[in-house]
Amino acid sequence: MEKIKIAIQKSGRLSEKSLELLGECGIKVANGNRKLKTEAKNFPMEILFLRDDDIPQYVEQGVADIGILGENEVWEKEKNVDIIEKLGFGTCRLSLAISKDEEYSGLAYFNGKRIATSYPKILKKFFSEKGINVKIEEIGGSVEIATGIGLADGIFDIVSTGSTLIMNGLKEVDTILKSEAVMIANQQLSSAKTQLLNELLFRIKSYKNGLGRKYILLNAPNEAIPDIIKLLPGMRSPSILPLADEGWSSVHSVLNEDDFWEKIDALKNLGAEGILVIPIEKMIV
Ligand code: PRT
Ligand code: ZN
């Protein structure tokens, strides 16, 4: 049977989460000590552990069929691969930063300035589209120290909490790109592999649909049901089941975590009792 080959980061910020995602899709990866590659136990899948920088190239060439990595790396490497799913973890932004003591007048500030980055292609494209002339200093790492040592007037780097910038006396002045972990795919997958990929995507989507949602059960007097239904959309609409106790019903539905507490309060005010809230593991829509 044909196997689908997936490339994930060997060690770094996305490694654990990538394996966790496969786990949530019911795919057990045997190898704990991370060789170069391993096989899934219960899905026709081979897992390759690579540096994230190399994943776009390997997927373009078909050494791997699919891969998980930061969108920023996909844009920077400019390989012929398709981004097929955003995965919701590894979120960050690619921003311009300058010394906190400098005054910032907008992007034109950078005209004629030197900017240090590990993402020269994204940066070059951005400024040439704006018609602003900058000198790009490509460096491999520790970009945040470039202004302090006099290598550049500003930097362009990944920011997540912003504390690295602050620790280095910098301030974030413009965001060029938002990024998160994505799944990419080779552009000429066989039909057998496409089928395996679709199965995997179906599982990923079911997992993502369940995230941030709760299953809710409650009892309510029948006269309150119309108002309760207005509060609870459910997947289609809430299920209403009569209770043995006459004049009462049990209501089942799905709630979003965002407005969860607000809705619980409103439901209580409408007379809901015995409210049960249950985590949703997967949601097939
Ligand atoms: O060895 P390999 O090449 O595989 O790994 P790597 O060192 O290139 O990448 P890694 O593991 O650091 O990051 C992998 C991916 O995680 C990146 O490509 C991003 O898509 C994503 N990501 C999310 C981040 C961050 N958040 C992040 N905060 N990548 C790097 N950082 C660094 C950033 O470079 C800066 O030094 O963290 C610092 C900023 O963090 P804050 O929180 O202080 O703002
Ligand atoms: Zn890397």
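Aspartate 53 comes out as partly exposed in this predicted model, since its relative accessibility is 25% and the buried class stops under 20%. Aspartate 52, by contrast, has a relative accessible area of 17%, so it lands on the buried side of that cut-off.

Both aspartates point to a metal. Asp52 and Asp53 are the protein donors of the zinc ion (ligand 2), each through OD, and they lie 1.9 to 2.1 Å from the ion. Counting every donor atom around this zinc ion gives 4. The angles they subtend run from 75 to 173°, and a tetrahedral label would need all angles between 85 and 135 degrees. With that spread, the arrangement around the zinc ion is therefore classed as irregular.

Then there are the aromatics. The structure holds 6 aromatic pairs. One of them joins tyrosine 109 and phenylalanine 110: the ring centres sit 5.2 Å apart, with 85° between the planes, so the pair goes down as edge-to-face. Both partners are tucked away from the probe: phenylalanine 110 is buried at a relative accessible area of 0%, and tyrosine 109 also counts as buried, at 10% relative accessibility.

Tyr109 and Phe110 also belong to a wider group, as ring pairs link them with Tyr104, Phe126 and Phe127 into a cluster. Tyrosine 109 has a charged companion too: lysine 113 lies over the face of its ring, at 4.2 Å from the ring centre. Tyrosine 109 thus combines a ring pair with phenylalanine 110, a place in the cluster and a lysine over its face.

Conventions: Residues are numbered from 1 along each chain as its sequence is written. Chains are lettered from A and ligands numbered from 1 in the order in which they are written. This is a predicted model: local features need pLDDT of at least 70, side-chain atom pairs count only at pLDDT 80 or more; totals for chains, interfaces and linings use all residues. Side-chain values use heavy atoms; hydrogens and water are left out. Rings of Phe, Tyr and Trp (its six-membered ring) pair if their centres lie within 6.5 Å; planes under 30 degrees apart count as stacked, over 60 as edge-to-face and the rest as tilted. Buried means under 20% relative accessible area, exposed over 50%, partly exposed in between (1.4 Å probe, protein chains only). A charge sits over a ring if NZ of Lys or CZ of Arg is within 6 Å of the ring centre and within 35 degrees of the ring normal. Donors are N, O and S atoms within 2.8 Å of the metal (3.2 Å for Na, K and Ca); water is not among the atoms, so sites may look incomplete. Four donors count as tetrahedral if all angles lie between 85 and 135 degrees; four count as square planar and six as octahedral if opposite donors are over 155 degrees apart and all others between 65 and 115; anything else is irregular.
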